[in-house]
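Here's a walk through the charged pairs, a surface patch and the pockets of one protein model. Have the coordinates open as you read.

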Amino acid sequence: MTAQFEGKVALVTGAGSGIGRASALAFARRGATVVAVDVALEPAAETVRLIEEEGGKASAVAADVTSAQDVEAMVATAVSRHGGLHIAHNNAGLFARPTPLADTDLASWHRLLGVNLTGVMLSMKYEIAHMREHGGGVIVNASSNIGFHGRRPGMAAYVASKAGVSALTRVAALDHIKDGIRINAVSPGASNTSMSFRPGETEADRDARVAGTVPIGRVAETEEIVAAVQWLASDAASFVVGHDLVADGGMTA
Ligand SMILES: NC(=O)c1ccc[n+]([C@@H]2O[C@H](COP(=O)([O-])OP(=O)(O)OC[C@H]3O[C@@H](n4cnc5c(N)ncnc54)[C@H](O)[C@@H]3O)[C@@H](O)[C@H]2O)c1
């Protein structure tokens with residue numbers, strides 16, 4: 001394992017499960033000190049435990065990414081505990097039960113857009129505020145391949161939130177590249193977390209559905225999505241700015 005992120009502090013939101021936990025573990029394995037953030041402390045603390053078990057360095061922070069106060073404190077805590085913030089993976093996200101647009105209630109719409117889109121905006125706002133005063137940094141946002149098409153019946157809020165993240169990433173990237181901050185996004189397809197299940201599906205149901213709809217014939221393992229995040233966060237992607245890297249087994253090809 002290379003120590004390509006040695007000396008860096010990497011913050012991951014939604015680090016208490018799924019892709020976020022895998023991302024936190026991967027940054028720690030490559031030498032970063034990780035700040036594992038989740039809306040509740042326990043799952044983030046469990047991620048820290050897993051990192052420490054492997055000999056890595058990490059600490060947990062509870063923050064709701066829809067709260068400006070929490071997000072400002074999340075960045076301040078990362079900096080005060082670990083002396084800086086160099087990498088952020090704004091990964092926290094919510095899925096919703098499929099509901100046709102006309103039956104979508106405003107509170108659910110706001111909740112989903114609040115976490116998936118405003119949460120990414122707020123995270124970037126406070127991360128950038130620190131990074132631009134301290135030599136720059138790298139940000140990777142969590143979008144989704146289904147932000148690129150509408151073939152997810154009943155998922156208007158989720159699809160709109162992710163299309164928003166992709167657009168927001170491009171604008172933020174151009175706003176802040178001169179501050180030395182490289183901002184990109186990763187758009188996963190169906191990945192092996194609780195989010196890839198439709199209501200009532202077993203693993204066998206999900207795998208059968210995915211086999212028939214995703215060209216590669218299977219879901220992604222979280223490490224396959226994290227590999228894209230790690231590449232964008234690394235110096236190997238030093239000329240990549242405002243890009244949305246789709247890792248979806250050919251779904252949008
Ligand atoms: N799994 C997939 O199939 C898939 C596909 C495309 C995109 N994504 C995106 O990848 C990201 C990670 O998804 P996942 O599959 O690992 O899901 P997950 O549900 O396992 O993880 C999401 C994490 O975000 C946290 N979170 C939710 N609301 C929060 C809030 N307000 N503040 C802080 N943390 C909050 C949750 O507690 C959870 O730990 C999400 O943005 C998701 O939309 C996932």
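By the rule used here, the count comes to six salt bridges, a salt bridge being a side-chain nitrogen of Lys or Arg within 4 Å of a carboxyl oxygen of Asp or Glu. Before going further, a word on the source: this is a predicted model, where local features need pLDDT of at least 70, side-chain atom pairs count only at pLDDT 80 or more, and totals for chains, interfaces and linings use all residues. Residues are numbered from 1 along each chain as its sequence is written, and side-chain values use heavy atoms, with hydrogens and water left out.

**Salt bridges**

Among the six, these three are worth a look:

| Pair | Closest N and O atoms |
|---|---|
| R29 and E54 | 2.8 Å |
| E53 and R49 | 2.8 Å |
| D207 and R206 | 2.9 Å |

Start with R29 and E54, a pair that links distant parts of the chain: R29 sits in helix α1, E54 sits in the loop between α2 (41-53) and β3 (57-62), and 25 residues separate them. Helices (H or I, at least four residues) and strands (E, at least two) are DSSP runs here, numbered from the N terminus. R29 is partly exposed at 35% relative accessible area, and E54 is partly exposed too, at 45%. For these labels, buried means under 20% relative accessible area, exposed means over 50%, and partly exposed is in between (1.4 Å probe, protein chains only).

E53 and R49 are a more local affair: they're four residues apart in helix α2, so about one helical turn separates them. E53 counts as exposed at 58% relative accessibility, while R49, at 40%, is partly exposed.

What about D207 and R206, buried or exposed? D207 is partly exposed at 34% relative accessibility, whereas R206 is buried at 1%. Elsewhere, salt bridges that share partners join E46, R49 and E53 into one network.

**A nonpolar patch**

On the surface, L174, I177 and V241 form a nonpolar patch with about 250 Å² of accessible area together. Patches are made of residues with over 30% relative accessible area and no salt bridge, with like charges joined within 9 Å and nonpolar side chains (Val, Leu, Ile, Met, Phe, Trp, Tyr) within 5 Å. The areas come from the Shrake-Rupley method with a 1.4 Å probe, and for residues only the protein chains shown count as cover. V241 is found in the loop between α7 and β7 (244-247), and its 33% relative accessibility makes it partly exposed.

**Pockets**

A pocket is an open set of points on a 1 Å grid over the protein atoms alone, where a 1.4 Å probe fits, with protein on both sides within 12 Å along at least five of seven lines; lining residues have an atom within 4 Å of a point.

The largest pocket holds about 1000 Å³ of space. Its lining has 49 residues, with I19, F95, Y158, T193 and M195 nearest the centre. Elements giving two or more residues to this lining include α1 (18-29), α4 (106-131) and α5 (156-176). The lining divides into 22 nonpolar, 19 polar and eight charged residues.

The second largest pocket has a volume of about 270 Å³. It is lined by 17 residues, and K8, G137, V138, A233 and D235 lie nearest its centre. β5 (137-142) and β6 each supply at least two of the lining residues.

How values were computed:
Points joined across faces, edges and corners; volume = space filled by probe spheres on them. Nonpolar A, V, L, I, M, F, W, Y, C, P; charged D, E, K, R; others polar.
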